[in-house]
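Colleague: I would like to learn how to read a structure feature by feature. Could you take me through one slowly?

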Amino acid sequence: MSIYTYICFLSAISILIGFITQKINDQIQYTIAVTASAMVGSLILLLMGYLNWFNLDDIARTVMERINFKSFLLDGILGFLLFAGALGIKLPVMKSQKWEITILALFSTLASTFFVGFMLYGITGLIGWHIEFIYCLLFGALISPTDPIAVLAIIKNLKAPKKLSMKVEGESLFNDGVGLVIFTTVFAVAFGGREPTLEGISELFLLEAVGGILFGLALGLLAHFLISATDDGSLEILLTLTIPTAGFMLANLLQVSGALAMVVAGIMIGNWTRHTGFSTQSQHYLDHFWEMIDHFLNSLLFLLIGSAMLLVSFTSQGIILSLIAIPVCLLCRYLSVWIPFKLLSLRTTYNPYTLRILTWGGLRGGLSLAMALSIPAGSLFMPEIGMNVRDLLLVMTYAVVMFSILVQGTTIETMVKKSKEVTLQQRGYVDLHHKTPPSQSN
């Protein structure tokens with residue numbers, strides 16, 4: 001069967017899981033339900049294969065390998081998902097959070113990369129399983145950026161306070177460019193034999209990140225004028241489809257960040273064209289159309305994330321290191337966020353749950369898995385661990401991603417509810433005294 005055939009059947013399965021979940025308990029996040037179902041299904045297939053029953057695990061593994069998760073996400077549906085997410089970003093709220101979002105996207109991503117690298121290197125050295133520092137740093141680079149797809153699919157549905165929600169969503173949308181530059185640089189040192197130079201890193205950052213932003217501005221501007229030039233409601237909506245299709249592909253061909261281009265173009269269309277370029281009818285259908293696309297592609301993506309277990313090779317050492325990687329990533333995430341917010345809090349008062357939600361809500365997802373899968377299959381074999389570098393980093397990444405989605409994603413609601421209570425209390429203070437409190441909480 002063709003890859004298109006597999007995608008059709010998997011899409012139907014993901015939608016049916018979402019339907020059943022909604023009928024059983026509509027409070028459960030459908031993305032979490034789809035991921036959990038796919039993971040359980042993969043475990044059953046692996047167990048059946050281990051017991052030599054039907055051997056369906058080989059067939060399922062072949063399907064996953066043919067789909068090529070990395071290309072399917074990074075070169076395909078990523079543009080749709082980021083554009084759809086950026087359409088809902090409210091620019092006035094983002095402007096009020098510009099410093100926090102910038103620091104989280106730049107400093108915190110870089111800091112977390114080194115924190116994870118050093119901590120993993122130290123811990124593995126203590127237990128006698130030596131892993132070269134460059135590979136520990138590579139794991140830090142691929143696991144540190146928060147995944148915009150996972151974050152937007154889970155966090156935005158919880159209806160957190162606007163400013164707090166914007167910090168989490170804004171960071172996840174903008175740290176792709178930074179994360180990709182860091183990962184590409186470390187990857188080149190680890191497998192390309194290159195020396196990391198300031199000139200090389202700066203050139204790569206300008207090409208990927210700045211180039212992506214400028215291309216997104218040009219793309220959004222072109223789409224705005226085209227949409228404004230017609231009053232045909234169907235054509236206006238169809239024109240938005242050209243951005244994550246041809247626009248995203250062109251960005252990749254130009255070797256600029258397609259992810260950042262989609263975010264910038266989405267923000268422009270959602271905040272400028274929405275009010276001045278679309279007809280009244282199209283304004284009503286714009287969000288509905290893209291929410292349906294977002295919902296459909298997210299269902300399929302999270303099914304593939306859960307099924308990615310079929311691509312992971314497990315050993316006892318790999319499982320132990322995976323269990324170590326989970327708290328290491330959480331601790332390093334907290335430190336990378338705590339440092340800048342400790343300084344920013346000298347000037348601004350934040351919601352007391354801000355750091356906790358930024359740490360626990362910094363979800364990892366398909367992007368981390370895609371980067372792990374891009375590591376060469378014939379990488380260095382480590383006899384002490386019984387795995388090569390690619391398999392080890394993949395199994396650790398999968399463990400962190402699954403914990404992120406299934407545990408953090410299902411328990412963060414409690415923190416969000418408490419943060420909303422604090423916000424409501426502060427609003428009550430304003431209503432009672434008819435004036436703004438001494439310091440506005442974020």
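Modeller: We will go from single residues to a core and then to pairs of helices, keeping in mind that this is a predicted model.

Colleague: Is Ser307 buried or exposed?

Modeller: The idea is to compare the relative accessible area with a cut-off, and under 20% a residue counts as buried. Ser307 has 11% relative accessibility, and therefore it is buried. This residue belongs to helix H14, which covers residues 280-307.

Colleague: What does Ser307 touch, leaving aside residues up to four places away in sequence?

Modeller: With those neighbours left out, Ser307 touches Ala38, Ser42 and Met64. Within its own helix, a polar atom of the Ser307 side chain lies 2.9 Å from the backbone oxygen of Leu303.

Colleague: How exposed is Met119, and where is it found?

Modeller: Buried residues fall under 20% and exposed ones over 50%, with partly exposed in between. Met119 has a relative accessible area of 26%, so it is partly exposed, and it is found in helix H6, residues 98-126. Its case also shows that separation along the chain and separation in space are two distinct readings: Met119 and Cys332 are 213 residues apart in sequence, while their C-alpha atoms are 8.5 Å apart. Beyond residues up to four places away in sequence, Met119 touches Val328, Leu331 and Cys332.

Colleague: Which residues of the largest nonpolar core touch the most other members?

Modeller: That core has 127 residues, and those touching the most other members are Phe69, Phe139, Ile305, Leu392 and Met396. Helix H18, residues 389-433, supplies the largest share of this core, with 16 residues. As for Met396, its contacts outside the four nearest places in sequence are Leu120, Phe139, Leu321, Ser322 and Ala325.

Colleague: At what angle do helix H1 and helix H2 pack, and which residues make the contact?

Modeller: For a pair of helices we read the angle, the distance between axes, the handedness and then the residues. H1 (residues 3-24) and H2 (residues 30-50) pack at about 120° with their axes 9 Å apart, and their crossing is right-handed. The contact joins Ser14, Ile17, Gly18 and Thr21 of H1 to Ala33, Val34 and Ser37 of H2, and by class it has 3 nonpolar, 4 polar and no charged residues.

Colleague: How do the residues of the contact of H12 with H13 divide?

Modeller: H12 (residues 243-253) and H13 (residues 258-276) have axes that come within 9 Å and cross at roughly 140°, again in a right-handed crossing. Among the residues in contact are Phe248 of H12 and Met262 of H13, and the contact divides into 8 nonpolar, 3 polar and no charged residues.

Notes
Residues are numbered from 1 along each chain as its sequence is written. This is a predicted model: local features need pLDDT of at least 70, side-chain atom pairs count only at pLDDT 80 or more; totals for chains, interfaces and linings use all residues. Side-chain values use heavy atoms; hydrogens and water are left out. Helices (H or I, at least four residues) and strands (E, at least two) are DSSP runs, numbered from the N terminus. Buried means under 20% relative accessible area, exposed over 50%, partly exposed in between (1.4 Å probe, protein chains only). A polar contact is a pair of N or O atoms within 3.5 Å; within protein, one must be able to donate a hydrogen and the other to accept it, and residues adjacent in sequence count only if both atoms are side-chain atoms. Contact means heavy atoms within 4.5 Å. A nonpolar core is a set of buried Ala, Val, Leu, Ile, Met, Phe, Trp, Tyr and Cys residues joined through side-chain atoms within 4.5 Å. Axes are lines fitted to C-alpha atoms, for helices over the stretch in contact, and angles run from 0 to 180 degrees between N-to-C directions. A crossing is left-handed if the near helix is turned anticlockwise from the far one by less than a right angle, and right-handed if clockwise. Ala, Val, Leu, Ile, Met, Phe, Trp, Tyr, Cys and Pro count as nonpolar, Asp, Glu, Lys and Arg as charged, and the others, Gly among them, as polar.
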